[in-house]
Amino acid sequence: MSIDSCPPLFGPAFDADPYPAYDWLRRNAPVTRVPLPGCEAWLVTRYEDAVAALTHPSLAKDPAAGSPEWRAANLGLPLDHRPGLARHMLNADGGDHARLRRLVSGAFTPRRIAGLRARALEVTDALLDRLDGPEADLVSGLAYPLPITIICDLLGVPEEDRATFHRHASVIDSAAASDVEEITRATDALEGFLADLVELKRSRPGNDMLTDLVRRSNQGEIDKNELTSTAFLLLVAGHETTVALIGNGLLALLRHPGQAAALRADPKRLPDFIDEMLRYDGPVRNATWRFPTEPVVIGGQEMLPGEPILVSLLAANRDPAAFADPDAFAPGRIGEPHLAFGRGPHYCIGAALAKVEGEAAIGRVLERFPDLALAVDPATLTWWPSAIMRGLFALPVRLHG
Ligand code: HEM
């Protein structure tokens, strides 16, 4: 069937509810070419095909493997292709990928992450203490500041520099991404900021991830650009995603009051709820770009070297072939594991941390505000117009009955 019959794949209606379009694609054109600014891309929507693409040994992540058309349309963008920001594991394959990932994986072990639980609860409580009116926006009041505080702790951003760090990050994070000049300015500033921070860690080492990376760079395990790029990736990948987990997750609960009551009655079920929030309306719409290094067939479609591929994690996570009654919000469901954190070699390194933060934020909100309710009609909520992410600009709630 022609893609022209598909519900719109862009614009506010799609951003508000992309699932009807994904349903159409899974049924009628599960691996198809879609038009994007400046180039076309393959879009993969079925669960089985998504797993095949995410784990395929001949799909590269290095942007240099992209076709000339894709590179012409994308390499000018400020975020993705500067040596000081782009030489990170998510843009690397094979041995370089393994090396860059190994250098930080020690900071994400279950033991280290479990040690952050108390800190996540402490930050959450401090943020919730500041919400004193009858109504509040839980995105700006909680979902946004919690992950950035934890990332700053992990990286070792000094307290006095955090306001600057927040300012640059929020411009880049404001997925509106429409003002390329503004984003370029913020990216310049953030690149300079990260380079200065690296110098600071050289002269005044701390007990943090950046100091550890500086030490590794002195031993020749990572170069200067890879070092700042890794810091940048951890900031971006570890921040916006978790904002969306907390925002989308709370919205799912507010729209399913029976489930919220069940969770309040049995808080031990929180991990199951977080897992279902990630499947039901996850933060990452599409996994990042992939490019065949040789002809590859997925879902019966042949993709040629360099052709850009997007794997729709949201569509795959609602595939009825993998999840019974996929549009139901059903914590504790049995079935395939969801793909919200990806699959294969690039599987999210921060998954455990994201869950700790999500559990702290969502668990505490439920506990502290037993009468929590949406303060607006859900149809009026606005979503980031991003090709990669799915998150809310704001989540206005009534804190008390
Ligand atoms: C990779 C999702 C939180 C760091 C990924 C990928 C996904 C993902 C889908 C794979 C992308 C691809 O294959 O194209 C999420 C979600 C999160 C989250 C849904 C929150 C709910 C975090 C956090 C951190 C983090 C808290 C770190 C502080 C990373 C890194 C990668 C990654 C470094 C690249 C891994 C690699 O290339 O080997 N994430 N992420 N993420 N994530 Fe996360």
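Here are some questions and answers about this predicted model, meant for someone meeting it for the first time.

Q: What makes the prediction one to discuss residue by residue, and how does the protein chain score in pLDDT?
A: The protein chain averages a pLDDT of 92, and 96% of the residues score at least 70. For the complex, the predictor gives an ipTM of 0.99 and a pTM of 0.95.

Q: Why is W383 called buried?
A: A residue counts as buried if 20 or more other C-beta atoms lie within 10 Å of its own. W383 has 21 such atoms within 10 Å, so W383 is buried.

Q: Where is W383, and which residues is W383 in contact with beyond its neighbours in sequence?
A: W383 sits in the loop between β9 (373-374) and β10 (396-398). Leaving aside neighbours within four places in sequence, W383 is in contact with D15, A16, R390, G391 and L392. As for A328, W383 is 55 residues from it in sequence and 21 Å from it in space, C-alpha to C-alpha.

Q: Is M389 buried or exposed, and how do you know?
A: The cut-off for buried is 20 or more C-beta atoms within 10 Å. M389 has 20 C-beta neighbours inside 10 Å, so M389 counts as buried. M389 lies in the loop between β9 and β10. M389 and I298 are 91 residues apart in sequence, with 24 Å between their C-alpha atoms.

Q: Why does H97 count as partly exposed?
A: Partly exposed covers the counts between 12 or fewer, which is exposed, and 20 or more, which is buried. H97 has 19 C-beta neighbours inside 10 Å, so H97 counts as partly exposed.

Q: Where does H97 lie, and what does H97 touch?
A: H97 lies in helix α6 (residues 94-105). Not counting residues up to four places away in sequence, H97 touches M89, A92 and P345. V214 is 117 residues from H97 along the chain, and their C-alpha atoms are separated by 18 Å.

Q: Why is E182 called partly exposed?
A: E182 has 15 C-beta neighbours inside 10 Å, so E182 counts as partly exposed. E182 is in helix α12 (residues 180-203). The C-alpha atoms of E182 and V311, 129 residues apart along the chain, are separated by 29 Å.

Q: What makes D325 an exposed residue?
A: Exposed applies to 12 or fewer C-beta atoms within 10 Å. D325 has 9 other C-beta atoms within 10 Å, so D325 is exposed. D325 is found in the loop between α18 (313-316) and α19. Phi of D325 is near 45 degrees, a positive value in a residue other than glycine.

Q: How do you know that the length of helix α8 agrees with 1.5 Å a residue?
A: Helix α8 (residues 117-129) has 13 residues, so at 1.5 Å a residue it should span 18 Å; the end C-alpha atoms of α8 are 18 Å apart, which agrees.

Q: Why can the buried residues of α8 be said to line one face of the helix?
A: The buried residues in α8 are A120, V123, T124 and L128. Seen down the axis of α8, these buried residues fall within an arc of 130 degrees, so they line one face of the helix. A rule about helices helps here: an α-helix has 3.6 residues a turn, so residues three or four places apart point the same way.

Q: What do the two sides of α8 meet or carry?
A: The buried residues of α8 pack against α9 (138-143), α10 (145-155) and α19. The face of α8 turned away from its buried side carries the exposed residues A118, E122, D125, A126 and D129.

Q: What makes α14 a mostly covered helix, and how does its span compare with the expected one?
A: Eleven of the 14 residues of α14 are buried, so α14 is mostly covered. Among the buried residues of α14 are E226, F232 and A237. At 1.5 Å a residue, α14 (residues 224-237) should span 20 Å, and its end C-alpha atoms are 20 Å apart, which agrees.

Q: How do you know that α15 is mostly covered too?
A: In α15, 13 of the 16 residues are buried. The 16 residues should span 22 Å, and the end C-alpha atoms of α15 are 22 Å apart, which agrees.

Q: Which residues come nearest to the ligand, and which elements give two or more residues to its shell?
A: Of the 27 residues around the ligand, G238, T241, G342, C348 and G350 come nearest. The elements that give two or more residues to the shell are α14, α15 (240-255) and α19 (351-368). By class, the shell has 18 nonpolar, eight polar and one charged residues.

Key:
Residues numbered from 1 in each chain as written. Predicted model: local features only at pLDDT ≥ 70, side-chain atom pairs only at ≥ 80, totals over all residues. Helix = DSSP H or I, 4+ residues; strand = E, 2+ residues; numbered from the N terminus. Expected span 1.5 Å × (residues − 1). Near = placed C-beta within 6 Å. Nonpolar A, V, L, I, M, F, W, Y, C, P; charged D, E, K, R; others polar. pLDDT = per-residue confidence, 0-100. Arc of directions from axis to C-beta. Contact = placed C-beta atoms within 7 Å.
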